[in-house]
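Here is a quick walk through one chain, from a single loop residue up to helix packing and the nonpolar cores. Have the structure open as you read.

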Amino acid sequence: MEPRLVGPGPYRATRLWNETIELFREGMPLRRHRSLFKNYECCFKASEAVDWLHELLRCNQNFGPEVTRNQTIQLLKKFLKNHVIEDIKGRWGKEDFDDDSHLYRFPPSSPLKPYPTRPPYRKEVIKIPDWNVLEAGTSQEHIPVKPLMMNSEMWFKRHSIAIGEVPACRLVHHQELTQANIEEIWKSMTLSHLQKVLGLDSVDEVLDTKRVNPKHIIHNVYNVNKQGIVILEDKTKELPHWVLSAMKCLANWPSCSDLKQPTYIGFERDIFKTIADYYGQMKEPLLTFHLFDVFVSVLGMLQKNKKAIEALRVSCLLLPPENRKKLQLLMKMMARISLNKDLPPLCDTAGTRTLMVQAFSHCILCSRDEVDLDELLAAKLVTFLMDNCQEILNVPSSLQTVIEEHVVHLRRVQIKYADADTDTTLPAPSFCRQISTDEFEYQRVNGSQEPLAALLEEITMNKEISVKDKKKKLKQFQKSYPEVYKERFPTPESEAVLFPEKNKQKPQLLMWALKKPFQSFQRTRSFRM
């Protein structure tokens, strides 16, 4: 059985857990071992299991070469606790696993993790006021109107000014959007965008949408400072001053602005331990238990760098503002520390970058269920966050613009024309997208010139109006839409066909008049001065 890439989708952590167990059972070498003067068949040493599983995880594209030996030991401890393996005496569950020569074996069957059953969540719909229902006390002058699909008849009405007719019309004002309406729009469109980026059939596969708070999304978008850091309204949820000072000290080392210069060796290690202890004692990870499956799904698309960054940007908008701010400050500190060559080593056994990942990955991403690969998944996610924190933790401006334009569209005043209520309606726009120049030209021709051409043809073929009125209308049409008119009548001859001239017979000259000699002009009294 070869390792395969587990893409984004529901229960990705469970699928990875079960696949790792199957690969471990199938590939781990088993042989005879002797312990305390006794031989044991089909077993393996703890250190052998660490060596083999560590190499398996490092070569698996779901985890990568960043997996450490210590993380492998932690995973084997979970295997022992959940009876994936047992010692040679059949004990499991309470036994601790160490990287030593103790003997272990597989039970007859290793339990795979069952897929959890989610309650059937109903997809939430944007709660926008129904523009076709009048509220009590609404004036008839403010009757909402459906948007219209333009056909030749409607173009005739809309552009009748060009042919000398102006139909009756009036402005229509929509009902006001409440704050609750705007919040639901932000929530629905944000989750819809996340679903599209992740390539899921429904976002309900990875999170309970009822627990998504739209106030958090709006706060994370608008309440930020010039650096993009969230500004909290409740100051009691801010980082303690001493923790923030310690983070600034390490991030700006050796220029410590908030603290005096160290006076003893190892000062920077004590500062780092203080920060790690504060974040380590949190009861819930910064990315929350609720969003664990969302971020694990994003890990399945890290090969597509841009899409993964966009998915993380949107996912981080769903966080509570206090969690988002703590994550922003922590990731910026980690990124600066890992690149700071002036900072003394913070650990004797691991590099600074590896230490950052090991120290803070568990407080950033963690599963509520112990039967999981959260240590390995968290390390992979934190590494990616640290390398792209500047892009990921900024507000996605494109999504913000789309939602704002949609809200403006819903508030826009429309024009109602007489006898226009029965026309086909256009669906409400959901997302704007940029189109190419060729596509724009195609839509311009098909969306405007074709109805105008139909209108011109209708005027041309109308036999109920007089020739004089028809010429007047065509002249006004030619003045308003010269391109459309020229395409229909490219030459004067083609226009002349429409109005053929009648052949007027000249009266014949009388023969007797030709025979009379020309009489000279005689002045009369009327010409006299």
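Is phenylalanine 37 buried or exposed? In this predicted model, phenylalanine 37 counts as exposed, because its relative accessibility is 75% and the cut-off for exposed is over 50%.

## The chain overall

The chain has 529 residues, and 43% of them count as buried. Its secondary structure comes to 20 helices and six strands.

Long-range contacts are well represented. If you take the contacts with a separation of 6 or more, 71% are between residues 24 or more positions apart.

## Two residues with positive phi

Back to phenylalanine 37 for a moment. This residue lies in the loop between β1 (31–35) and β2 (38–45). Its phi is positive, about 65°, although it is not a glycine.

Threonine 288 is another non-glycine residue with a positive phi, near 65°. This one is found in the loop between α8 and α9 (292–299). Threonine 288 is buried, because its relative accessible area is 7% and the cut-off for buried is under 20%.

## Around threonine 288 and asparagine 323

What does threonine 288 touch, leaving aside its neighbours within four places in sequence? The contacts are Leu319, Pro320 and Asn323.

Asparagine 323 sits in helix α11 and counts as buried, at 15% relative accessibility. With neighbours within four places in sequence left out, asparagine 323 contacts Pro285, Leu286 and Thr288. Take the pair with proline 285: the two residues are 38 apart in sequence, yet their C-alpha atoms are 8.7 Å apart in space.

## A cis proline

There's a backbone detail to look at in the loop between α7 and α8, where you'll find proline 254. The peptide bond leading into it from tryptophan 253 is cis, and its omega is near 5°.

## α7 against α8

On either side of that loop, how do the two helices meet? Helix α7 (residues 241–251) and helix α8 (residues 267–280) have axes that come within 10 Å and cross at roughly 135°. α7 is therefore oblique to α8. The crossing of the pair is left-handed.

From α7, the contact uses Trp242, Val243, Ala246, Met247, Cys249 and Leu250, while α8 supplies Phe267, Glu268, Ile271, Phe272, Thr274, Ile275, Tyr278 and Tyr279. Sorted by class, that contact has 12 nonpolar residues, one polar and one charged.

## Two helices packed on α13

Now swing round to α13 (residues 374–387), which packs with α11 (residues 321–339) at an angle of about 80°, the axes being 9 Å apart. That angle is why α11 counts as roughly perpendicular to α13. The residues in contact are Met331, Met334, Ala335 and Ser338 of α11, with Val382, Leu385 and Met386 of α13. Six of these are nonpolar and one is polar, with no charged residues.

α9 also meets α13. Their axes come within 10 Å and cross at roughly 65°, and the crossing is left-handed. Phe292, Phe295, Val296 and Leu299 of α9 make the contact with Asp374, Leu377, Lys380 and Leu381 of α13. Here the split is six nonpolar, no polar and two charged.

## The nonpolar cores

Which residues have the most contacts inside the largest nonpolar core? They are Ile85, Phe360 and Ile364, in a core of 114 residues. α13 gives the most to this core, with nine residues.

Phenylalanine 360 is a good place to centre your view. Leaving aside its neighbours within four places in sequence, its contacts are Phe272, Ile275, Ala276, Tyr279, Leu330, Met333 and Met334. Some of these names have come up already: Phe272, Ile275 and Tyr279 take part in the contact of α7 with α8, and Met334 is part of the contact of α11 with α13.

There's also a second, separate core of 11 residues, and among its members are Leu456, Leu474, Phe477 and Tyr481.

Methods
Residues are numbered from 1 along each chain as its sequence is written. This is a predicted model: local features need pLDDT of at least 70, side-chain atom pairs count only at pLDDT 80 or more; totals for chains, interfaces and linings use all residues. Side-chain values use heavy atoms; hydrogens and water are left out. Axes are lines fitted to C-alpha atoms, for helices over the stretch in contact, and angles run from 0 to 180 degrees between N-to-C directions. Helices (H or I, at least four residues) and strands (E, at least two) are DSSP runs, numbered from the N terminus. Angles under 35 degrees count as roughly parallel, over 145 as roughly antiparallel, 65 to 115 as roughly perpendicular and the rest as oblique. A crossing is left-handed if the near helix is turned anticlockwise from the far one by less than a right angle, and right-handed if clockwise. Contact means heavy atoms within 4.5 Å. Ala, Val, Leu, Ile, Met, Phe, Trp, Tyr, Cys and Pro count as nonpolar, Asp, Glu, Lys and Arg as charged, and the others, Gly among them, as polar. Buried means under 20% relative accessible area, exposed over 50%, partly exposed in between (1.4 Å probe, protein chains only). A nonpolar core is a set of buried Ala, Val, Leu, Ile, Met, Phe, Trp, Tyr and Cys residues joined through side-chain atoms within 4.5 Å.
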